[in-house]
Amino acid sequence: GALGAGWLLACVVLSGSPVAAIALSLLDKGDLNAAEAFGMVTGSRFGASFVVLVVGFAYDLRSRRDGGGVYVGALALLTTAVTYVPAFFLGYFVLQHGWLDKIRFGIPRDLDSVIDTIIKPGAKALEAILPAWGVPLMGVVLLVGAFKLFDGFLPVVDPTGGKLGKMATTIYRPWITFLFGMLVTSITLSVSVSLTVLVPLTARGLVRRENLIPYIMGANITTFIDTLFASLLLDNPNGFTVVFCEMSAVALISLPIVFLAYRPYERFVDGLARAVTRDRRRLAMFVAALFLVPLLLIWLQ
């Protein structure tokens, strides 16, 4: 159920980081246990790639392309799903057995004092004014707004020229593209930004389609860096354990694929992406499944 909730919320707000932050906040308050927070954080990454599909669809409409943007969005979603499903079960198994319970970090003392001085008084004032149902709603609005504001201040990359364009045409080995995806996402702290930029780069032929999958896989690991730092702000040390377990599980699944079995994996995921974007009816069914599956998971809990 938590997996479905995180997935659905991320699709609705078109971003995974705010949903992951909400999951950590609920864990800190005791409304979720570690396993449930892990499921919600995982779900947030399933839904985070949905923004790439939306941007790809809009790009195809504006430029009258032949579905290249939609293909990139579908590929981002499917690559994430095929990697994260086994990572979810692996991470859940590790959490249940407590193998990472000793890997914990608390909030730095100086940072804690800054939060107590600046943030908490405002939060308590809002809590006194707003009704009970308005407090979590305001939290969601502030989180989404903060991340959108952060994304808005990021530089706009021109895919038609410059060093990035030249670099994109020369990178061709899976492990290099994998590391590049990790690097870009580490700098932007947003998988939505680092994956969305693939739409114009691919549509203009500056990035070959065979380079997309390892880039996405790398981005899906370092996308947790901002959530990892956010976990340090919690009084509950389980927050760091949950996010660290997520990153470790995704890395353990991704690394053998990139270095040992990339070509079969590429053909499999590429075939799925081409199949779901072959015509409008299949694409509509694919988009419907993105919302129906998490609803089903919530209903079955």
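## Exercises on helices, salt bridges and a surface patch

H2 buries Ser17, Pro18, Val19, Ala20, Ala21, Ile22, Ala23, Leu24 and Leu27, where buried means under 20% relative accessible area, exposed over 50%, and partly exposed in between (1.4 Å probe, protein chains only). This is a predicted model, so local features need pLDDT of at least 70 and side-chain atom pairs pLDDT 80 or more, while totals for chains, interfaces and linings use all residues. Residues are numbered from 1 along each chain as its sequence is written, and side-chain values use heavy atoms, with hydrogens and water left out.

**Exercise 1.** Compare the span of helix H2 with the expected one.

*Solution.* Start with the ends: H2 covers residues 17-29, which makes 13 residues. Helices here are DSSP runs (H or I, at least four residues), numbered from the N terminus. Next, take the expected span, 1.5 Å times one less than the number of residues; for H2 that is 18 Å. From first C-alpha to last, H2 reaches 19 Å, close to that value. Then look just past the helix: glycine 30 follows, with a positive phi near 85°.

**Exercise 2.** Work out how threonine 222 is placed in helix H12.

*Solution.* First, check cover: threonine 222 is buried because its relative accessible area is 6%. Second, list its contacts (heavy atoms within 4.5 Å). Leaving aside neighbours within four places in sequence, threonine 222 meets Gly181, Met182, Thr185 and Ser186. Third, zoom in on one of them: a polar atom of the threonine 222 side chain sits 3.0 Å from the backbone oxygen of methionine 182. Now try asparagine 220, also placed in H12. At 3% relative accessibility, asparagine 220 counts as buried, and beyond four places in sequence it touches Thr80, Tyr84, Val191 and Val250.

**Exercise 3.** Find the salt bridges in the whole structure and describe those in helix H15.

*Solution.* Apply the cut-off: a side-chain nitrogen of Lys or Arg within 4 Å of a carboxyl oxygen of Asp or Glu. The search gives three. Glutamate 266 pairs with arginine 263 at 3.0 Å, and both lie in H15 (residues 262-276), three residues apart. Aspartate 270 meets arginine 274 at 2.8 Å, four residues apart in H15. Why does such spacing work? An α-helix has 3.6 residues a turn, so residues three or four places apart point the same way. Finally, check exposure: glutamate 266 is buried at 13%, whereas arginine 263 is partly exposed at 41%. Likewise, aspartate 270 is buried at 18% and arginine 274 partly exposed at 40%.

Notes:
Helix = DSSP H or I, 4+ residues; strand = E, 2+ residues; numbered from the N terminus. Polar contact = N/O pair within 3.5 Å; in protein donor to acceptor, adjacent residues only side chain to side chain.
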